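Biologist: I would like to know the reasoning behind the labels people put on a model. Could you take me through this one?

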Amino acid sequence: MIAGQRYMLILQGLGNTLLISICAIIIGTVLGCIFALMKVSGNKILKVIAEVYTTVLRGIPLATQLMIFYFVVFAPLGMNRLFVAILAYGFNSGAYCTEIFRAGIQGVSKGQTEAGRSLGLSRNQTLFKIILPQAVKAVLPTYTSEFIVLIKETSVASFIAVMDMTKAGDMIRSATYNAWIPLLSCAVIYLILTVGLTKLFGIFEKRMAKSDR
């Protein structure tokens with residue numbers, strides 16, 4: 001793998017994996033915030049739209065969504081496969097982030113809202129200044145898990161011929177007839193990424209908890 005410089009495939013796959021994951025979690029976070037606010041709003045139409053979005057995206061396997069996004073929607077338009085993968089993962093992550101953020105918002109005691117309104121704050125001011133800061137702390141562990149799951153789920157990006165890290169390892173396996181080194185190398189890199197992110201978000205969570213103490 002080293003003599004033939006095939007390890008460069010793993011580095012390229014790692015780059016694509018990180019690019020898809022980071023862009024997708026950004027898209028998912030934005031969509032999650034929007035649809036979560038729609039779900040907790042008093043507007044029935046907005047609630048229905050958000051409910052349909054989360055039900056459909058969470059009810060269909062990610063691999064199937066990925067192929068629908070590419071082969072049904074974007075392939076006729078000649079869109080780049082990597083860009084399509086980012087969109088598909090982003091929209092899928094958005095559905096899960098929606099439920100994470102909604103649970104966090106609704107998990108804050110109603111007394112907090114009543115206290116904010118009694119102080120003369122409007123509904124939006126109460127939401128953004130009192131409810132959301134507390135909800136962020138509550139959802140951080142679950143949000144971390146979503147990011148980690150997203151990184152691991154990029155392994156199915158090869159369904160639309162995007163070379164992620166798992167696909168790179170499989171290509172090396174096919175070329176060298178040796179599965180041990182390339183696939184275990186990918187497994188170790190995935191493990192380092194997930195453990196590193198868990199530690200990083202754990203430090204961030206502890207820093208946020210200082211205000212509680």
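Modeller: Happily, and do keep in mind that this is a predicted model. Let us start with the second largest pocket, whose lining divides into 12 nonpolar residues, one polar and no charged.

Biologist: What makes a lining residue of that pocket nonpolar?

Modeller: The residue type decides, since Val, Leu, Phe and Cys are among the types that count as nonpolar. Cys33, Phe101, Leu132, Val136 and Val139, which lie nearest the centre of this pocket, belong to those types, so they count as nonpolar. The pocket is lined by 13 residues and holds about 260 Å³ of space.

Biologist: Which helix gives the largest share of that lining?

Modeller: That is α6, with seven residues. Helices α1, α4 and α6 each supply at least two residues of the lining.

Biologist: And what is the make-up of the lining of the largest pocket?

Modeller: There the residues divide into six nonpolar, five polar and three charged. The volume of the largest pocket is about 340 Å³. Val40, Ile105, Thr113, Arg123 and Leu127 are the closest to its centre, out of 14 lining residues. Arg is one of the types that count as charged, so Arg123 falls in that class. Thr is on neither the nonpolar nor the charged list, so Thr113 counts as polar.

Biologist: Which helices line the largest pocket?

Modeller: At least two residues each come from α1, α4, α5 (110-118) and α6 (123-153). The largest share, four residues, comes from α6.

Biologist: Let us turn to charges. Why is the pair of glutamate 51 and lysine 39 called a salt bridge?

Modeller: The cut-off is 4 Å between a side-chain nitrogen of Lys or Arg and a carboxyl oxygen of Asp or Glu. For glutamate 51 and lysine 39 the N to O distance is 3.1 Å, so the pair qualifies. The pair links distant parts of the chain, with glutamate 51 in helix α2 (residues 44-59) and lysine 39 in helix α1 (residues 7-40), 12 residues apart.

Biologist: Does chemistry give a general reason, or what else is behind such pairs?

Modeller: Side chains of opposite charge can pair when their charged atoms come close.

Biologist: What other partner does lysine 39 have, and how do you know that it is a salt bridge?

Modeller: The partner is glutamate 99, and the closest N and O atoms are 2.3 Å apart, which is within 4 Å, so this pair is a salt bridge too. Lysine 39 in helix α1 and glutamate 99 in helix α4 (residues 81-107) are 60 residues apart, so the pair also joins distant parts of the chain.

Biologist: Why is lysine 39 called buried, and glutamate 51 partly exposed?

Modeller: Buried means under 20% relative accessible area, and lysine 39 has 10%, so the label fits. Glutamate 51 has 41%, which lies between 20% and 50%, so glutamate 51 is partly exposed.

Biologist: And is glutamate 99 buried or exposed?

Modeller: Glutamate 99 is buried, because its 14% is under the 20% limit.

Biologist: What makes glutamate 99 and arginine 102 a salt bridge?

Modeller: Their N to O distance of 3.0 Å is within 4 Å, so the definition is met. Both residues are in helix α4, three residues apart, which means they are separated by about one helical turn. Arginine 102 reaches 22% relative accessibility, so it counts as partly exposed.

Biologist: Which residues are linked in a network of salt bridges?

Modeller: Lys39, Glu51, Glu99 and Arg102 are linked in that way. The structure holds four salt bridges.

Biologist: What about isoleucine 189: why is it called partly exposed?

Modeller: Its 22% is over the 20% limit for buried and under 50%, so partly exposed is the label. Isoleucine 189 lies in helix α8 (residues 180-209). Beyond residues up to four places away in sequence, isoleucine 189 touches Ile10, Leu14 and Met165.

Biologist: How many helices and strands does the chain have?

Modeller: The chain has eight helices and zero strands. Buried residues make up 38% of its 213 residues.

Conventions
Residues numbered from 1 in each chain as written. Predicted model: local features only at pLDDT ≥ 70, side-chain atom pairs only at ≥ 80, totals over all residues. Heavy atoms only, no water. Buried < 20%, exposed > 50% of the residue type's maximum accessible area, 1.4 Å probe, protein only. 1 Å grid on protein atoms, 1.4 Å probe; cavity = no way out; pocket = protein on both sides within 12 Å on 5 of 7 lines; lining within 4 Å. Points joined across faces, edges and corners; volume = space filled by probe spheres on them. Contact = heavy atoms within 4.5 Å.
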